[in-house]
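I opened this entry to record what I looked up in the model, beginning with confidence and then turning to the sheet and to one residue in it.

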Amino acid sequence: MHNTGVGGAGDGEGRAGVDGAFLALERELSVFLRRARANLGELAREVHPDLEPAAYGLLARLGEAGQMRATDLAAYFGVGKATMSRQLRALERLGLIGRAPDPDDGRAWLVHLTEEGRARFTRVRGGLRARYAQRLEGWDRAEVAELARLLHRLNAGHETEPAAPGLEPPTESGRASTTSER
């Protein structure tokens, strides 16, 4: 169990000029992200034993958006084209996605869930939603909606701001540049 420490000793302003609310946010997001990564691994294995955890999010995006270009998927997730291509090839080998020519641009391809991919993903997502409902059964519906709204706002902020130092997109060589390389 972890302690949020919000309002606790040592979390006020003055600790290197950092507001305690931001320290609490950092701590809670760190715990949340660690748990989310572990859950992604489990979800991915439920979809297919050979599925990489990061690829579960790709299936979710395709399930929501329908067919998309690989470059649009890469931009959405903030990863390089090479990373996206590798993940899509793996999903295609597993029979979870397919590709079709883009009718608007004959040089491009659209990626979509296959019937098998949609069926597997839908089954696992249904189980995930049931787990959320169970974990949050003591929450008011308005609180759940507010949490979703705030997380959306946080995620949308990442789409409009430049990457933080050390988190730049990959260079033409396919790897992220670092501050020391500049």
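I began with pLDDT, which is the predictor's confidence in each residue, on a scale from 0 to 100. For this chain I noted a mean pLDDT of 81, with 77% of its residues reaching 70 or more. Over residues 6-12 the pLDDT is below 50, and beyond near neighbours in sequence this stretch has twelve contacts in the model, a contact being heavy atoms within 4.5 Å. Residues 161-182 also stay under 50 in pLDDT, and for them the model has 16 contacts beyond four places in sequence.

I kept the ground rules beside me: this is a predicted model, in which local features need pLDDT of at least 70 and side-chain atom pairs count only at pLDDT 80 or more, while totals for chains, interfaces and linings use all residues. Residues are numbered from 1 along each chain as its sequence is written, and side-chain values use heavy atoms, with hydrogens and water left out.

Next I looked up the sheet, taking helices (H or I, at least four residues) and strands (E, at least two) as DSSP runs numbered from the N terminus, and counting two strands as paired if DSSP finds at least two bridges between them. Three strands form an open, antiparallel sheet in the order β1-β3-β2. Its edge strands, each pairing on one side only, are β1 (68-69) and β2 (97-102). I found six bridges joining β2 to the antiparallel strand β3 (residues 105-113), and A100 stands opposite L110 in β3.

I then turned to D102, which lies in strand β2. Is D102 buried or exposed? D102 is buried, with a relative accessible area of 7%, where buried means under 20%, exposed over 50% and partly exposed in between (1.4 Å probe, protein chains only). Not counting residues up to four places away in sequence, D102 touches R69, A108, W109 and L110.

The side chain of D102 makes a polar contact with the side chain of R69 at 2.8 Å; such a contact is a pair of N or O atoms within 3.5 Å, and within protein one must be able to donate a hydrogen and the other to accept it, with residues adjacent in sequence counting only if both atoms are side-chain atoms. I also noted that the backbone nitrogen of D104 lies 2.8 Å from a polar atom of the D102 side chain.
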